[in-house]
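Subject: A structure for you to look at

Hello,

Here is the structure I promised to pass on. Please open it beside this message, so you can follow along as you read.

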Amino acid sequence: KMAKKKLFASVFIFYRLFSTEIPLNVGIATPISESNFGDGISSHTCVLSKAGVYYLSKALIISETLDDEPLIRITSSGVTLDLNGNVLSAKMKKSGNCLIEIAEGVSWVTVRNGMLYNSTGEGIKILSDTSNVFLKNLCIRKVVGSAVYATKCSSLKIKAIMMCNILPSDKSGCVGISMQDCSNILVSDVQISSETLTTDFTALKLVSCLVGNCDTIRIVSNEMQAKASFYGVYLECCKSIQFSQTEIVSNFSEQDFYGFYLNGCEGVVLDKIKIQDCGAIYTCIGCKTIDGRFNSLTNSFLQGNYTILDSVYGVFCNNEKYSLLERNNILLNISPNVGSAYGIKLGLDNDEKTWGADIVVNENYISGNTGFAHSYGYYDSSTSIGKIFTNNISKSHGSVFEFGSTRVSKKDHMNYWASILLTNPTQILREIIFDGMDILSIEKKGINLSVVDN
């Protein structure tokens with residue numbers, strides 16, 4: 001019996017030490033109430049400077065903070081702040097402050113179970129050199145700048161978070177979740193919705209982050225007004241980040257729309273992505289990559305997206321190298337008034353030649369995309385070498401003028417119209433299916449061009 005007790009105690013201690021969710025907290029939980037902040041009307045910062053579990057005894061709504069400081073600051077490692085199902089709200093004296101700040105250098109901190117609401121500052125700010133920070137079961141509404149901001153944090157886990165009505169702090173826009181120079185990231189079961197803004201908005205922004213897994217993310221029903229642009233997920237100089245089960249649905253921008261925007265990234269995996277029924281006045285792009293390496297988009301749906309005054313793109317790759325586009329469905333995207341519709345485009349916005357290498361485009365299904373000027377299943381204006389197109393289907397694209405209720409095919413007006421435009425002769429094409437259109441001519445222009453299989 002004594003041996004069993006010792007074994008049980010050893011297992012319990014091991015679990016407490018190495019669990020990724022439970023920090024080193026022991027003892028009785030400490031309540032937090034108005035008395036910790038002053039008179040309950042105006043407030044000073046409440047500092048949690050000792051390890052332990054703290055909880056809100058009831059909803060805490062502060063009319064105005066007296067200090068140019070956060071409402072709650074966590075300065076010790078091993079702290080759990082449990083909002084206990086309550087609301088934490090405060091009008092900040094100075095913009096740029098936050099409701100909860102996790103100070104530099106602390107670790108094993110958890111914030112959970114409640115609502116951060118109606119603040120003139122940010123929601124949660126995580127400062128540099130922190131580690132093992134866990135945010136879960138939170139609703140963050142009507143905060144300014146960003147719901148969650150983190151810099152130089154290792155092992156940051158964000159789970160079961162709902163965010164809406166994030167307000168801009170200045171003309172530079174606002175962000176749902178912003179991370180910079182973070183590593184070992186987990187973002188799971190997050191929803192960002194119901195934004196109506198007049199500045200640029202980015203739902204999830206990662207800059208110079210390393211190694212992460214983001215899944216079950218929903219970015220829905222956001223509307224950007226007054227020529228503001230929308231970015232669902234923005235990644236810059238990130239490495240080894242994986243997204244899966246991410247939905248970007250029913251968003252609209254009066255400027256430009258980007259579902260995913262990757263700039264200078266390496267080893268980013270996008271799998272089972274859904275970008276649907278999103279639109280913009282100007283450019284609308286499901287997924288855009290610039291200067292990337294070893295990235296992939298697989299098993300994804302980009303469907304029903306549209307633009308009013310410019311072109312619509314399913315996937316747009318600029319100077320992409322050693323990357324993969326495989327088993328994606330790019331359907332029914334439309335540019336009905338001006339501009340063109342592109343399923344997959346390799347090249348720059350102005351068709352300037354750009355280098356890339358070893359891009360594999362395999363088993364994609366592209367259908368029903370309609371542009372006023374042109375419609376392309378695949379458009380390649382790059383000079384990259386080693387691209388392989390295999391087993392792709394491109395069918396039933398339309399390119400039309402509209403005169404009242406009459407639809408007339410653009411090819412009847414002697415305008416150039418094609419499913420696939422290729423400018424580089426060193427490509428391999430197999431099993432390309434043209435459906436619902438005429439093949440007018442093949443011009444060799446001094447190169448050795450042949451059609452293989454279909």
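Below is what was found in it, going from the whole chain to single residues.

First, some ground rules. This is a predicted model, in which local features need pLDDT of at least 70 and side-chain atom pairs count only at pLDDT 80 or more, while totals for chains, interfaces and linings use all residues. Residues are numbered from 1 along each chain as its sequence is written, and side-chain values use heavy atoms, with hydrogens and water left out.

**The whole protein**

The secondary structure comes to 1 helix and 47 strands. Helices (H or I, at least four residues) and strands (E, at least two) are DSSP runs, numbered from the N terminus. Of the 454 residues, 52% count as buried; buried means under 20% relative accessible area, exposed means over 50%, and partly exposed is in between (1.4 Å probe, protein chains only). The accessible surface is about 19,800 Å², and carbon and sulfur atoms own 52% of that. Those areas come from the Shrake-Rupley method with a 1.4 Å probe, and for residues only the protein chains shown count as cover.

Contacts (heavy atoms within 4.5 Å) often bridge long stretches of sequence: among those between residues at least 6 apart, 78% join residues at least 24 apart.

**Two strands and their partners**

Two strands pair if DSSP finds at least two bridges between them. A good place to begin is strand S4 (residues 52–56), where 4 of the 5 residues are buried. S4 pairs with strand S1 (residues 30–32) in the parallel sense over 3 bridges, and within that pairing Thr30 has Tyr54 of S4 as its bridge partner. S4 also pairs with strand S8 (residues 79–82), again in the parallel sense, over 4 bridges; here Val53 is matched with Thr80 in S8.

Further along the chain, strand S36 (residues 341–346) has 6 of its 6 residues buried, so S36 is largely enclosed by the rest of the structure. Strand S32 (residues 312–318) runs parallel to S36 and is joined to it by 5 bridges, with Leu346 in S36 as the bridge partner of Cys317. Strand S40 (residues 375–380) is also parallel to S36 and joined to it by 5 bridges, and there Ala341 stands opposite Ser375.

**The cores**

A nonpolar core is a set of buried Ala, Val, Leu, Ile, Met, Phe, Trp, Tyr and Cys residues joined through side-chain atoms within 4.5 Å. The largest one has 91 residues, and those with the most contacts inside it are Leu81, Ile100, Leu135, Met163, Met179, Phe243 and Phe260. Strand S15 (residues 153–164) gives the most to this core, with 5 residues. Apart from it lies another core, of 11 residues, among them Tyr231, Tyr261, Tyr313 and Tyr379.

Phe243 is worth clicking on. Leaving out residues up to four places away in sequence, Phe243 touches a list that includes Leu204, Ile217, Val233, Phe260 and Ile273.

**Some single residues**

Which residues in strand S23 (residues 239–249) have a positive phi without being glycine? Ser240 of strand S23 has a phi near 55 degrees, and Gln245, also in S23, has one of about 50 degrees. As background, most residues other than glycine have a negative phi. Ser240 is partly exposed, with a relative accessible area of 41%, and Gln245 is partly exposed too, at 43%.

Ser107 lies in strand S11 (residues 107–117) and counts as buried at 17% relative accessibility. Beyond its neighbours within four places in sequence, Ser107 is in contact with Ser77, Gly78, Ser131 and Asn132.

**The cysteines**

How many disulfides does a search of the whole structure find? The count is 0, where a disulfide is a pair of cysteine sulfur atoms within 2.5 Å. For Cys209, the nearest cysteine sulfur is that of Cys238, 4.8 Å away; Cys209 itself is buried, with a relative accessible area of 2%. The sulfur of Cys284 is 6.9 Å from the closest cysteine sulfur, in Cys278, which is too far for a bond. Cys284 also counts as buried, at 0% relative accessibility.

Happy exploring, and best wishes
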